[in-house]
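Here are a few exercises on ligand surroundings, each with a worked solution. Grab the model, which is a predicted one, and try each task before reading on.

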Amino acid sequence: MAISTKERMGIPLVHMPLNNPAQRVTNFEEVPIGYTLEQAQTEAKRCLQCKKPACVEGCPVGIDIPGFIALIEEGKPAEAAKKIRETNFLPAECGRVCPQDKQCQAPCVVGKKGDPVYIGGLERFAADWERSHGTYAPPPIPASTGKKVAVVGSGPAGLTAAYELRVRGHEVIVFEAFHRGGGVLVYGIPRFRLPLELIDEDIKLLENIGVQFAYDVIIGNALSLDDLLGKEGFDAVFIGSGAGLPKMLGIPGENSNGVYSANEYLTRIYLMQSMKFPRYSTPLYNGRKVAVIGAGNTGMDVLRTAKRLGSDVTCYYRRTRAEAPARTEELEHAEQEFLHWKWLHNPVEIIADENNFVKQIKCEVMKLSEPDESGRKKPIGTGEFVHDDADTVVFSLGCDVNPIIPTSDKEVRVNKWGIVMVDLATYQTSKKGVFAGGDAVTGGSTVILAMGQAKSAAQSIDKFLKGELNWNAPNVPTDPKAPGVQWSGRFMTAKR
Amino acid sequence: MLVVQILLKTGKFILECVLGGCNYEPIPEFQTVTKNTKAIVEQINIDNEESIAVALAQAEKLADLSGEDKAVLAAALSTLFYHDNHGRPGMIKLAGKAEAIIGKLGMDVVPFLISELVNADSESAAHFGRAVARNGKPAVKAVLQAIDANRKEDYAVINLLTALSYFTDSEAISAMPEILVAAKSANHRVRAEALEASAGLAKRLDATLFDEKLRLKMYDIASSALGDQQPIVRHFAVHSIGEMVKKGLLDGELKGKAAKAFSGILGIDGNNNWDNGFIVRHEAEKYVGLFKQAGSAKNKYHQSFRILEKRELCPDTYYFTIEAPLTAAKIQAGQFIIIRPSEFAERIPLSICGWNRDKGTINIIVMAAGRTSREMTNLSVGSCFADVVGPLGTRSHVKKHEGTCVVIGGGYGTGAVIPTARDLAALGNRVIGIVGARNEKLLLMVPELKEVCAEVMLTTNDGSAGIKGFVIHALEEILKRGEKISHVLAVGPVPMMMAVAAMTKPLGIETYVSLNAVMVDGTGMCGSCRVIVGGETKFACFHGPDFDGHKVDFEQLMKRQKMFVAKEKEALAFSEN
Ligand SMILES: Cc1cc2nc3c(=O)[nH]c(=O)nc-3n(C[C@H](O)[C@H](O)[C@H](O)COP(=O)(O)OP(=O)(O)OC[C@H]3O[C@@H](n4cnc5c(N)ncnc54)[C@H](O)[C@@H]3O)c2cc1C
Ligand SMILES: Cc1cc2nc3c(=O)[nH]c(=O)nc-3n(C[C@H](O)[C@H](O)[C@H](O)COP(=O)(O)OP(=O)(O)OC[C@H]3O[C@@H](n4cnc5c(N)ncnc54)[C@H](O)[C@@H]3O)c2cc1C
Ligand code: SF4
Ligand code: FES
């Protein structure tokens, strides 16, 4: 029975139920509970099934959004999941961590008058259904092409590249520096946003279709790119090594005990499981008063993690809430969790006691300038300073690209920020047979962009292996100030 | 033997007199019990941690005890085993200390301990068992005899099995047949305890003691016990299999079977047939991580990280040969590796003291400093580390120098400088090695260093070998004899490296030191290893570990090394429980 557009527009947003804040800050369980089939079907009814869906254009990998939503509405979540998997190999992860508010949900026409369709929630629902009902059918793997590809890194980029190459019949080995796969999905994004089982399960799916994993191998150290392309007999290499060089502010006192980069803090807790200390023996020194510097996704994750470890937590950010780069949903969830917010506070010094342990953080109070030509308001100092007590400080300022691979192989060209330079159309690097994607070529962006790039790269690797890709003229920038890859609505472009 | 036993019984009787303040005249022959012993006995009786601690400290100092003294002391100290120490961590520690002291009294008191053991409650039995187990080989025999004598008494057998599980002496392997028989007892408590003993020995004894047949038998019995009616038996069956896996006693097929069984117990194999005993699942959860790598698709890049050789260099310090072909193929002098010994462990950085590229092996020296390094030194030949990652860091600075090159090592650092010394010598440099330690016994890797140096000088703080003093005194010696030094590399404790750098700085001698900052990933990803060199923040794992010693902020390094001290103590205490 057809429902009119007007009726569809009249259905209010079905809010995804959340665990109660007072309770959830005492554990690491996932915050949103997920839709029931009924809730999902109601939410799916809000979709107008546009002829020219704006949402799809907002999605970096172009998922058939109205298509899968229609299947949910019809009560066929397993088929919806299958549809998503056609374009996105990690729906359970993406449904949970993608910045839908800036991508598919931003242009959704329903959003022009009220709330857009909660596409992320529906994607998550379909993926969870598929997992809990075991309806996933592995894709057919064609006969082996006899070509071997090495994938460096098992983050979203590496996993996607592995999948795309394997379904084209190539042999794939993923090399991972750590002892388990998943990249930032494991050692960055917290358990209360992304349960570990989801990642492990997707890795298992890859293993089931014949992708091999080699853990504890650092490419660049244990094996060089030349080794891979030479004596190890690989025909191509995909670099998905991510951005893993923490930024600090360079302010006095930064090396005091109790000052961490977000990477160290989150890695200790989530990869090394110090949240289960002392059974797991990696220690974490976590104070009563934790100061978190930065208000991006990483900042939110650190804030909410510290809260769950029982600390009194404050966020320091030099601009205001409106400029906070975090995903809206994350910021909202964080705001429900009894944290303190110091907007317009710029840390200038960290003060330690005689044993080098942090005791205070000194900030300059800022104000915003008039918008400049680009429309951005700059924070400017007011000359007023405050001293706050703190015994742990976490810098959540993002990352630069890890230099291990470029330092070990000079043929792979990077710009002055260490970002690997690639041809925007083919993801070829300056070294023959080597491709790259993900945070390594953007300098830190999102899961879905990393996946999108990996998918495009895999397509050109496939061409390369078939001898259809010309290596004479890849368009790899030579200017050391050339920007990395960036997503601008519809195309991957250059940033900075 | 019988005489001693009677003596002991009477010892206990006298003790009761002392404790109860009774008026009996002591039997004449016991007047030889010394005053010291009597004082200790009296003090033990005061139920107060401080006075017990004092008494134990005194008891520890006693030497050359007579039979009577030993008897009275064993009887008195063992009263601590009967205290209800629940929720009194201090008392539990003291009881542990008492175990050690009684254990040292030797075989004389073992019959007494066994006679108490067979009737003790389970907690006291553990204390008695550990005290007995400290006597090694002869005590194994004594316990086995006692089992034989008490075959009909399940209660006694259970406690005797408890004692068996604590032995670290290789003789204990002779108890395995008895244990495996008990594992099929009609009494479920006996079955459980036997499985626990089998687990204990798998954990404590060297892997090479378990031959193929025994391993198979142990596995068979434990795996059929996974289907036992009683959850407690299944719990210990899991424990037993888990310890075997941990020790590397099961490989290939059996390990695969164990992995399957454990995921079934936990309900993670998708068959919805998990064990409904909570204690069973909980136990399985502890070990399931051990199977992670075994489950993932194997390929030629999968490394076993098996321990091929283990040798004690000096107390608490071991030399290991490990299978790690990818690292072995690439490692260079000055680089290091990171090891995570088990699923639950921390990643810790370790230097390399040698390698064999053809065999795919690397050599390391581990000093048991805390929980993780101790966990490593507890593993035996044949077992595997969970992860070994490397090579990490940059190689040492080697080139041809005009004057002499000096490499200085303290502790594990002596091993660490060997590859660099070899490289320096290969370029035609004259290389002198200096090794420093507190005393002669702690000097290690000297013969190996001699192989690659033109000369090796030793220094000890107490003068028991070489020059009395510190490594810098040896350095002075070289300068005094008019030799020109162009290059120094020092690896070891921070104070040593600091002293070397302070000495060479005014002389303008190029000096490198290897910084042992606290690390996590070792690839430049986390920033945990931040050090200050020449006023700039550097990552020791990526930019180092070798840095210009004249520019390093050692103060800051030492303070940062203490960042986790409180937690490290907690971690160690947890693992010892
Ligand atoms: C705390 C935090 C929160 C985030 N939250 C979100 C979010 O909510 N939504 C979102 O879309 N994005 C989020 N991001 C960003 C997102 O996680 C990344 O953009 C994405 O993971 C990049 O994927 P990648 O595969 O390129 O790299 P990574 O995920 O970084 O994976 C790289 C992998 O390569 C391995 N590796 C590196 N070097 C080598 C080597 N030399 N040899 C072998 N292996 C190597 C690494 O160990 C790692 O496993 C967040 C990031 C962080 C840090
Ligand atoms: C480059 C480098 C090379 C090293 N080489 C050797 C070696 O060849 N042999 C050897 O025995 N030791 C070596 N060490 C030191 C070794 O890493 C520590 O002894 C070990 O980490 C102690 O761990 P634990 O859990 O046993 O002790 P804990 O009780 O946890 O710690 C004892 C002390 O060790 C240091 N430490 C603890 N955790 C770490 C960590 N993750 N990284 C670095 N230091 C830590 C701290 O100063 C701490 O106070 C090296 C360290 C570095 C950085
Ligand atoms: S834009 Fe919104 S309404 Fe249109 S198809 Fe996409 S989700 Fe549905
Ligand atoms: S150990 Fe993590 S950056 Fe050096």
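**Exercise 1.** Work out why ligand 1 lies between two domains of chain A.

*Solution.* Start with who supplies the shell. Domain 2 (148-244 + 399-494) of chain A gives residues to it, and domain 3 (250-394) does too, so ligand 1 sits between them. Next, look for the residues that come nearest: out of 35 around ligand 1, these are V97(A), A157(A), E176(A), R193(A) and D439(A).

**Exercise 2.** Find which backbone atoms lie close to N or O atoms of ligand 1, using 3.5 Å as the cut-off for a polar contact.

*Solution.* Take the nitrogen side first: a polar backbone atom of V97(A) is 2.5 Å from a nitrogen atom of the ligand. Now the oxygens. D439(A) places a polar backbone atom 2.8 Å from an oxygen atom of ligand 1, and for V184(A) a backbone N or O atom is 3.0 Å from a ligand oxygen. As for cover, ligand 1 on its own has 1,000 Å² of accessible area, and the protein covers 94% of that.

Then check the elements. Helix 9 (156-166), helix 10 (184-187), helix 14 (297-308) and helix 18 (447-465) of chain A each give two or more residues to this shell. Helix 14 has the largest share, with three residues.

**Exercise 3.** Sort the shells of ligands 1 and 3 into nonpolar, polar and charged residues.

*Solution.* Around ligand 1 you should get 18 nonpolar, 13 polar and four charged. For ligand 3, list the shell, which includes C47(A), C50(A), C55(A) and C108(A), along with P53(A) and P66(A). The tally there is 10 nonpolar, no polar and no charged.

Note on methods:
Residues are numbered from 1 along each chain as its sequence is written. Chains are lettered from A and ligands numbered from 1 in the order in which they are written. This is a predicted model: local features need pLDDT of at least 70, side-chain atom pairs count only at pLDDT 80 or more; totals for chains, interfaces and linings use all residues. Side-chain values use heavy atoms; hydrogens and water are left out. A residue is near a molecule or strand if one of its heavy atoms lies within 4 Å of it. Ala, Val, Leu, Ile, Met, Phe, Trp, Tyr, Cys and Pro count as nonpolar, Asp, Glu, Lys and Arg as charged, and the others, Gly among them, as polar. A polar contact is a pair of N or O atoms within 3.5 Å; within protein, one must be able to donate a hydrogen and the other to accept it, and residues adjacent in sequence count only if both atoms are side-chain atoms. Accessible areas come from the Shrake-Rupley method with a 1.4 Å probe; for residues, only the protein chains shown count as cover. Helices (H or I, at least four residues) and strands (E, at least two) are DSSP runs, numbered from the N terminus. Domain bounds come from an automatic or database domain assignment.
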